[in-house]
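Colleague: I am new to this structure and would like to learn how to read the site where its ligand sits. Could you take me through the features in order?

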Amino acid sequence: MPHPHIHAAIARPRSPGGIPTGSILMRAAAALAVCLQAASAFAELPEPSDLIDQQHCMFCHTSDAPFLAPSFHQIAERYRDKPNASTMLEEKLRHGGKAHWGDMAMPLPEDRGGPLSAEDARTLVQWVLSQ
Ligand code: HEC
């Protein structure tokens with residue numbers, strides 16, 4: 001004798017999107033979000049793209065390959081643990097200074113695309129040092 005009502009009894013309720021709420025997938029996504037949050041404390045800062053474009057930073061620098069200028073990784077390695085480095089670098093980005101990597105100094109903001117505020121210099125240096 002067939003029992004047609006058994007199937008209805010085992011069918012589980014589904015959320016509108018088709019993925020059952022509380023499913024493995026949903027729980028994995030939640031766990032992943034937590035991991036990403038924890039990791040971001042040590043990861044690169046978000047790229048301040050508008051500033052970088054406006055100042056043409058990537059014209060001479062790349063993030064990991066020395067080209068016309070030291071790479072941002074090299075710069076970060078060199079200065080990351082030096083206490084006053086970021087102040088020095090912000091000052092240098094805004095007003096220039098003597099070369100630390102060779103003979104070629106970095107051009108002044110006026111020659112890169114316009115004046116650079118203290119706040120923008122800080123954003124850029126923090127981003128470089130996070131690489
Ligand atoms: C025209 C090429 C050029 C452009 C554009 C340029 N740089 Fe540089 N940058 C250099 C060179 C060359 C050096 C190495 C100079 C030196 O020895 O101090 C350098 C060095 C640096 C340093 C390390 C300075 C030091 O004292 O060690 C930082 C930080 C830096 N650049 C960030 C930037 C940022 C941020 C931008 C965009 C706002 C930028 N650069 C745009 C050529 C450039």
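**Reading the ligand site**

Modeller: The space taken by the ligand is the largest pocket, where a pocket is an open set of points on a 1 Å grid over the protein atoms alone, fitting a 1.4 Å probe, with protein on both sides within 12 Å along at least five of seven lines. This is a predicted model, in which local features need pLDDT of at least 70, side-chain atom pairs count only at pLDDT 80 or more, and totals for chains, interfaces and linings use all residues. Residues are numbered from 1 along each chain as its sequence is written, and side-chain values use heavy atoms, with hydrogens and water left out.

Colleague: Which protein atoms are the donors of the iron atom of the ligand?

Modeller: Donors are N, O and S atoms within 2.8 Å of the metal (3.2 Å for Na, K and Ca); here the protein supplies NE2 of His61 and SD of Met106, lying 1.9 Å from the iron atom. His61 lies in the loop between H4 and H5, and Met106 in the loop between H6 and helix H7 (109-112), so the pair ties together parts that are 45 residues apart in sequence.

Colleague: Which polar contacts does the ligand make with Tyr79 and Trp101?

Modeller: A polar contact is a pair of N or O atoms within 3.5 Å. A polar side-chain atom of Tyr79 lies 2.4 Å from a ligand oxygen atom, while for Trp101 a backbone N or O atom lies 2.4 Å from an oxygen atom of the ligand.

Terms used
A polar contact is a pair of N or O atoms within 3.5 Å; within protein, one must be able to donate a hydrogen and the other to accept it, and residues adjacent in sequence count only if both atoms are side-chain atoms. On a 1 Å grid over the protein atoms alone, a cavity is a set of points where a 1.4 Å probe fits but cannot get out, and a pocket is an open set with protein on both sides within 12 Å along at least five of seven lines; lining residues have an atom within 4 Å of a point. A molecule sits in a cavity or pocket if more than half of its atoms lie within 2 Å of its grid points. Helices (H or I, at least four residues) and strands (E, at least two) are DSSP runs, numbered from the N terminus.
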